[in-house]
Amino acid sequence: MEELGDLLKNRRAKIEKLREMGVNPFANDFRVKNITAEVVKKYKDVEGEELGDEKFTIAGRIMAVRSFGKAAFVILQDRSGKLQVFIQKNLVGDQQYEIFKQMDIGDIIGVTGTPVRTRTGELTLKVDSLRHICKSLLPLPEKWHGLTDVEARYRQRWVDLTVNPEAKEVFVKRNYIISYIRNYLRERDFIEVETPMMHPIPGGGAARPFVTHHNTLDMDLYLRVAPELYLKRLLVGGMERVFEINRNFRNEGFSVRHNPEFTMMEFYWAYANYHDLMDLTEDLISKICLDLHGTTKIDYQGKIIDFTPPWTRLTVRDALAKYGDISREDLEDHSKLLAYAKRINLPNAENMVYGKLLMELVDEVVEHNFIQPTFMHEYPLAVSPLSRKNEENPEWVDRFELIIGGMEVANAFNELNDPIDQRLRLEDQVKQKAMGDEEAQPMDEEFIKALEFGMPPAAGEGIGIDRLIMLMTNQASIREVILFPLLRKEV
């Protein structure tokens, strides 16, 4: 702490020195004309020491300095990358060089100069004028990698992005992937919409909501757990293809795959079914992978995932029979399924209805086996209160989840558009909530009323953007793909 205190005093003194020299330590009148990548792109393959007299004006943060008294090599970093610049007293003049002497690693400066190559062949901008733009009071860390600094990286993401190019690249790719999804859907006549983030009734997902309060209206509101029920209202209104890239909030625990605030892309397609959604999802994600990596085979945490279509499609019951120690016939019997659950020590198994028990076993036994993209479909009615029943077997619904790398990436189903059936389903959810199920969904009379006007047959899907980006950037933790993940208070 004492060393940091001395450093702060030293840098504050430099601020005063700059002001005495007539320099604003936090200037706002420097205009950037170029980025470092322009210089690199134009001259990376040009040989020779003198590369011409073209002028470039760039600005960036000082990342390193090698000083030789009356000259210095400085590494500048801007949004496009890094470039070495050469600052010499007899080129910039006494006054500007004195200003340069007040600069530290972390300061932001602007320079104008011409490209040259050093004797070692490194592309360099030879500076003929410079400006101080912003003084950095706190030092950049010398070492910012390693397990001991993981939480510090999340808490001070601005520093992480400055000194860790790999972290920044993740978010550049995140932006690219989201843009790709938008363009893909727009090309297929989907309309992007925005629905409320504060709901009078939480719904659309099995999750505990966050509660807030509106003072003027004196009413409790809930941060949305999903936009589903509002997007379906738009189907009723004649918007037959809609999507939203949205923030959802679920009052649940932390894990490497869960953050209480996360990003979902949810879309609804009238006159389509969940088989159409499988085809679209397979096409979309495989094209993202190919466009981003130049191949549909990528490494994820030491395992090669092949996104080349077609992907495996497997029913829930067939998946459990394949990976669990229970036969296809026995898992149809509730008592035998319960015995199997107790054998593997599944908590609270005796309190679950058949469909709930089946899916808890799938989560426990099956999901982690699906490394390659797999559509698991035919879900029990008991865990799908908003899904359309299968026409041939009404105890099951036309629904799938997409599992990749052992984690759920998407959830989709044929939408229930029968308002009478939907009311009965939600009434059953209300009963479950009264019995202590905090994730059961409440009754939403406004949504039922919307269905009573008539909603066209449709299929809808939610894709977890954060998890998709984890896969595409080879990140094991969701915190690596969220700029500011929620963290516990520092003690």
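Two strands count as paired if DSSP finds at least two bridges between them. With that rule in hand, look at this predicted model. A hairpin links β2 to β3, with two residues making the connection. The points below start from β2, then turn to a second sheet and a surface patch.

**Strand β2 and its partners**
- Strand β2 covers residues 71-78, and seven of its eight residues are buried. Buried means under 20% relative accessible area. β2 is therefore largely enclosed by the rest of the structure.
- Strand β1 (residues 56-67) runs antiparallel to β2, and six bridges join them.
- One pair of bridge partners is Ala64 and Ile75, the latter in β2.
- Three residues lie between the strands in the hairpin of β1 and β2. Gly69 in this hairpin has a positive phi near 85 degrees.
- Strand β3 (residues 81-88) is also antiparallel to β2, with eight bridges between them.
- Here Gln77 has Lys82 of β3 as its bridge partner.

**The sheet of β7, β9 and β8**
- Three strands make an open, antiparallel sheet, in the order β7-β9-β8.
- β7 (198-199) and β8 (211-214) are the edge strands, so named as each pairs on one side only.
- Four bridges connect β8 with β9 (residues 219-223).
- His214 has Met219 in β9 as its bridge partner.

**A nonpolar surface patch**
- Trp158, Leu483 and Phe484 make a nonpolar patch of about 350 Å² on the surface.
- Trp158 belongs to helix α6, which spans residues 157-163.
- Is Trp158 buried or exposed? Trp158 has a relative accessible area of 52%. Exposed means over 50%, so Trp158 is exposed.

Terms used. Residues numbered from 1 in each chain as written. Predicted model: local features only at pLDDT ≥ 70, side-chain atom pairs only at ≥ 80, totals over all residues. Heavy atoms only, no water. Patch = residues over 30% accessible without salt bridge, like charges linked within 9 Å, V, L, I, M, F, W, Y side chains within 5 Å. Areas by Shrake-Rupley, 256 points an atom, 1.4 Å probe, with all protein chains shown as cover. Salt bridge = Lys/Arg side-chain N within 4 Å of Asp/Glu carboxyl O. Buried < 20%, exposed > 50% of the residue type's maximum accessible area, 1.4 Å probe, protein only.
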